[in-house]
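Good morning, and thank you for coming. I would like to walk you through one protein structure, element by element.

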Amino acid sequence: MLGLKYLIAITKREYAEQYLEFFNRQGVKGVLSKLCNGTATDTILNYFSLEKTEKVMFETVIKEDQIGELVKGLLLEMNINAVGNGIALFIAMDSLGGVSSLKYFTGDASVEKKENVMEKESKSVLIITVVDKGNTGVVMDAARSAGASGGTVVKAKGTGAEIAKFFGVSISDEKEMVYIVAKRENRDAIMHAIMQKAGSNTDAHGVIFSLPVEGVIGIKGFEEA
């Protein structure tokens with residue numbers, strides 16, 4: 001796959017604006033944000049005299065050559081390694097649904113293609129589609145027509161004026177993300193079907209990509225894959 005990584009960063013909700021400004025300074029485009037909560041039990045919180053913390057999760061795609069500066073900035077500027085401040089992780093990308101999906105996250109920057117060992121080994125993938133709010137039904141209808149069994153919808157916020165400039169139309173920052181687990185042999189057909197019905201040239205303004213999955217439990221027919 002391309003030399004890209006999927007970045008997930010989770011921090012306290014109160015730091016949301018600071019992180020968005022940080023990503024902007026780092027040249028990271030197409031950041032998606034979702035509200036979430038920490039999972040520490042009341043017993044643990046009481047023991048350490050802590051309050052339950054509301055979290056925000058950021059997701060985006062970055063080039064591999066951005067990782068070094070991002071990690072440095074997260075440690076030195078955002079102090080992410082301080083207790084309770086948050087975590088960040090990077091996942092190798094599996095595939096992208098067309099040039100529009102690539103530009104959504106990286107702009108016009110070129111990306112060097114590199115060998116992805118995980119892509120060869122994984123028999124399943126997680127297909128993620130980002131669409132304007134209200135278009136998840138179109139995504140799932142298209143995915144099912146190509147063999148997908150089901151999916152999960154998560155609400156998110158899209159950031160970055162570069163997105164609207166690229167598509168040349170007014171795009172809502174209210175986003176929905178559809179997560180679909182599929183067998184690798186069905187990946188291209190599912191992604192192509194979604195691109196046709198909910199891609200960048202449709203009213204859904206969809207962006208589609210996939211991540212390699214090492215193992216699946218709980219979906220009939222996938223455990224043996």
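Let me begin with a definition: the angle between two elements runs from 0 to 180 degrees and is taken between their N-to-C directions, with axes being lines fitted to C-alpha atoms, for helices over the stretch in contact. Please also keep in mind that this is a predicted model.

With that definition, consider a pair of helices. Helix α6, residues 136–145, packs with helix α8, residues 184–198, at an angle of about 140°, and their axes lie 8 Å apart. The crossing of α6 past α8 is right-handed. Which residues form the meeting place? From α6 come V138, V139, A142, A143 and S145, and they meet I190, A193, I194, K197 and A198 of α8. Helix α6 has other neighbours too: it lies across β6, β7 and β8, and runs at about 15° to β8.

That brings us to the sheet. It is an open sheet of nine strands, paired in the antiparallel sense, and its order is β4-β1-β3-β2-β7-β8-β6-β9-β5. Which strands stand at the edges? They are β4 and β5, and because each has a single partner strand, one side of each is left without a neighbour in the sheet. On this sheet packs helix α4, residues 99–106, which touches β1, β2, β3, β5, β6, β8 and β9. The direction of α4 makes about 85° with that of β9.

Let us now look at β9 itself, residues 207–213. Is this strand mostly covered or mostly open? It is mostly covered, since seven of its seven residues are buried. V207, F209, L211 and V213 point one way from the strand, while I208, S210 and P212 point the other way, and the residues of both groups are buried. In the sheet, β9 pairs with β6, residues 124–132, over seven antiparallel bridges. Among the bridge partners, L126 is matched with L211 of β9, and T129 is matched with I208. The strand also pairs with β5, again in the antiparallel sense, over two bridges. There, L96 has F209 of β9 as its bridge partner.

Elsewhere in the sheet we find β2, residues 32–37. Six bridges join β2 to β3, and the two run antiparallel; one of the partnerships links N37 with E54 of β3. With β7, strand β2 forms an antiparallel pair over two bridges, and S33 has K157 of β7 as a bridge partner.

One residue of β2 deserves our attention, namely K34. Is K34 buried or exposed? The cut-off for buried is a relative accessible area under 20%. K34 has a relative accessibility of 8%, and therefore counts as buried. What does its side chain meet there? A polar contact of 2.3 Å joins it to the side chain of E59, and another, of 2.6 Å, joins it to the side chain of Y179. Leaving aside residues up to four places away in sequence, K34 touches K55, V56, M57, E59, V154, K155, A156, M177 and Y179.

I shall finish with two helices, each with a buried side and an exposed side. In α1, the buried residues are A16, Y19, F22 and F23. Why do we say that they line one face? Seen down the axis of α1, they fall within an arc of 120°, so they line one face of the helix. On the other side of α1, E17, N24 and R25 are exposed. The cover over the buried residues of α1 includes β1, β3 and α3. After α1 comes G27, with a positive phi near 75°.

The second helix is α3, residues 67–76, where L70, G73 and L74 are buried. These three cover an arc of only 100° around the axis, which puts them on the same side of α3. G68 and L76, on the other side of α3, are exposed. What covers the buried residues of α3? The cover includes β1, α1, β3 and β4.

To close, let me return to the view we started from: α6 and α8 pack at an angle of about 140°, and α6 also lies across three strands, β6, β7 and β8. Thank you for your attention.

Notes
Residues are numbered from 1 along each chain as its sequence is written. This is a predicted model: local features need pLDDT of at least 70, side-chain atom pairs count only at pLDDT 80 or more; totals for chains, interfaces and linings use all residues. Side-chain values use heavy atoms; hydrogens and water are left out. Helices (H or I, at least four residues) and strands (E, at least two) are DSSP runs, numbered from the N terminus. Buried means under 20% relative accessible area, exposed over 50%, partly exposed in between (1.4 Å probe, protein chains only). A polar contact is a pair of N or O atoms within 3.5 Å; within protein, one must be able to donate a hydrogen and the other to accept it, and residues adjacent in sequence count only if both atoms are side-chain atoms. Contact means heavy atoms within 4.5 Å. The arc is that of the directions from the helix axis to the C-beta atoms. Two strands pair if DSSP finds at least two bridges between them. A crossing is left-handed if the near helix is turned anticlockwise from the far one by less than a right angle, and right-handed if clockwise.
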